[in-house]
Amino acid sequence: MPERNIEFGKYGARGFKGHEAVARQLDALAGYIATPVTARRGLLARLHYLTRSDHARAAARAAGLTVTDRTLRAWLDGARSPSRKNLERIERAYRSVRRENVARYLLARLNREGRGTRVEIHPVNQSQVDRPRQRVVEFRTLNVRRWDRIVAAWAAGDDQELDNAWVDQVIDLGSQWGQYEYVTNVGFAA
């Protein structure tokens, strides 16, 4: 794509990809359990979330948590503790299942029956860039009306598709859309 940055940060600009900022904001809206998985309370909360119904158990198995029911009971009862590798699997499975469960709700809230949601795009931080090399990149707002591809890619954990879906929305900024490929923050509410 002609406007994509090839050597971002070469002169000291700081920021990250716009789709990563969107994923962070969607993660914040998803409302994950705040207690870390390494704490007993956080582990139990995640395990209860992943085992509360047959549907939740099937989704957890599909997300990569493939332990026996006996092992799950031992973890829940406190008879055994999961290894570090299993803690990572539990966290990944929890986040994946939570994203799938919340995606439909978030999609309805963000689309707002075709009215869309106002998105604030904060440009890259150029404080470390020499004066002659700094660009004038201002704060922008954009009304995103079609969140379907963005939320579906986020729920599936597909970064490439999320990037493509986000760029398709940012193109609405006009000829300067390439200046907002990297940002310091993308803010919106649902």
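The legends below accompany an overview and several close-up views of a predicted model.

**Figure 1. Overview of the chain in the predicted model, with its seven helices and five strands.** Read from the start of the sequence to its end, the secondary structure elements follow the pattern β-α-α-α-α-α-β-β-α-α-β-β. Along the principal axes, the C-alpha atoms of the chain fill a box of roughly 65 × 40 × 25 Å. The chain has 190 residues, of which 42% count as buried. Two aromatic residues that return in the close-up views, Tyr 32 and Phe 188, are 156 residues apart along the chain, and their C-alpha atoms are separated by 18 Å.

**Figure 2. Close-up of the aromatic cluster formed by Tyr 32, Tyr 49 and Tyr 94.** The structure holds three aromatic pairs, and the pair in this view is that of Tyr 32 and Tyr 94, whose rings are arranged edge-to-face, with 6.0 Å from centre to centre and 65 degrees between the planes. Tyr 32 lies in the loop between α1 (18-30) and α2 (40-51), whereas Tyr 94 belongs to helix α5, so the pair ties together parts of the chain that are 62 residues apart in sequence. Tyr 32 is buried, with a relative accessible area of 15%, and Tyr 94 also counts as buried, at 1% relative accessibility.

**Figure 3. Close-up of the aromatic pair formed by Trp 147 and Phe 188.** The ring centres of Trp 147 and Phe 188 are 4.9 Å apart and their planes stand at 50 degrees, so the pair is classed as tilted. Trp 147 is placed in the loop between β3 (140-144) and α6 (148-156), and Phe 188 in the segment after β5 (185-187), with the result that the contact links distant parts of the chain, 41 residues apart. Both partners are withdrawn from the surface by the accessibility criterion: Trp 147 counts as buried at 0% relative accessibility, and Phe 188 is buried with a relative accessible area of 6%.

**Figure 4. Close-up of the salt bridge between Lys 17 and Glu 181.** Side chains of opposite charge can pair when their charged atoms come close. The structure holds nine salt bridges, and in the one shown here, between Lys 17 and Glu 181, the closest N and O atoms are 2.9 Å apart. Lys 17 lies in strand β1 (residues 16-17) and Glu 181 in the loop between α7 (159-170) and β4 (182-183), so this contact ties together parts of the chain that are 164 residues apart in sequence. Lys 17 counts as buried, at 18% relative accessibility, and Glu 181 counts as buried as well, at 5%.

**Figure 5. Close-up of the salt bridge between Asp 27 and Arg 99.** The closest N and O atoms of Asp 27 and Arg 99 are 3.0 Å apart. Asp 27 lies in helix α1 and Arg 99 in helix α5, so the salt bridge ties together parts that are 72 residues apart in sequence. Asp 27 is buried, with a relative accessible area of 18%, and Arg 99 likewise counts as buried, at 18% relative accessibility.

**Figure 6. Close-up of the salt bridge between Glu 161 and Arg 149, with a note on a network of shared partners.** The side chains of Glu 161 and Arg 149 meet at 3.0 Å, N to O. Glu 161 lies in helix α7 and Arg 149 in helix α6, so the pair ties together parts that are twelve residues apart in sequence. Glu 161 counts as partly exposed, at 28% relative accessibility, and Arg 149 also counts as partly exposed, at 39%. Elsewhere in the chain, salt bridges that share partners join Lys 17, Asp 163 and Glu 181 into one network.

**Figure 7. Close-up of a surface patch of positive charge.** The patch gathers Arg 57, Arg 70, Arg 73 and Arg 80. Arg 80, one of these residues, is found in the loop between α4 (69-77) and α5 (84-111). With a relative accessible area of 41%, Arg 80 is partly exposed.

Key: Residues are numbered from 1 along each chain as its sequence is written. This is a predicted model: local features need pLDDT of at least 70, side-chain atom pairs count only at pLDDT 80 or more; totals for chains, interfaces and linings use all residues. Side-chain values use heavy atoms; hydrogens and water are left out. Patches are made of residues with over 30% relative accessible area and no salt bridge: like charges are joined within 9 Å, nonpolar side chains (Val, Leu, Ile, Met, Phe, Trp, Tyr) within 5 Å. Accessible areas come from the Shrake-Rupley method with a 1.4 Å probe; for residues, only the protein chains shown count as cover. A salt bridge is a side-chain nitrogen of Lys or Arg within 4 Å of a carboxyl oxygen of Asp or Glu. Lys and Arg count as positive and Asp and Glu as negative; His and the chain ends are not counted. The place of a charge is taken as NZ of Lys, CZ of Arg, CG of Asp or CD of Glu. Helices (H or I, at least four residues) and strands (E, at least two) are DSSP runs, numbered from the N terminus. Buried means under 20% relative accessible area, exposed over 50%, partly exposed in between (1.4 Å probe, protein chains only). Rings of Phe, Tyr and Trp (its six-membered ring) pair if their centres lie within 6.5 Å; planes under 30 degrees apart count as stacked, over 60 as edge-to-face and the rest as tilted.
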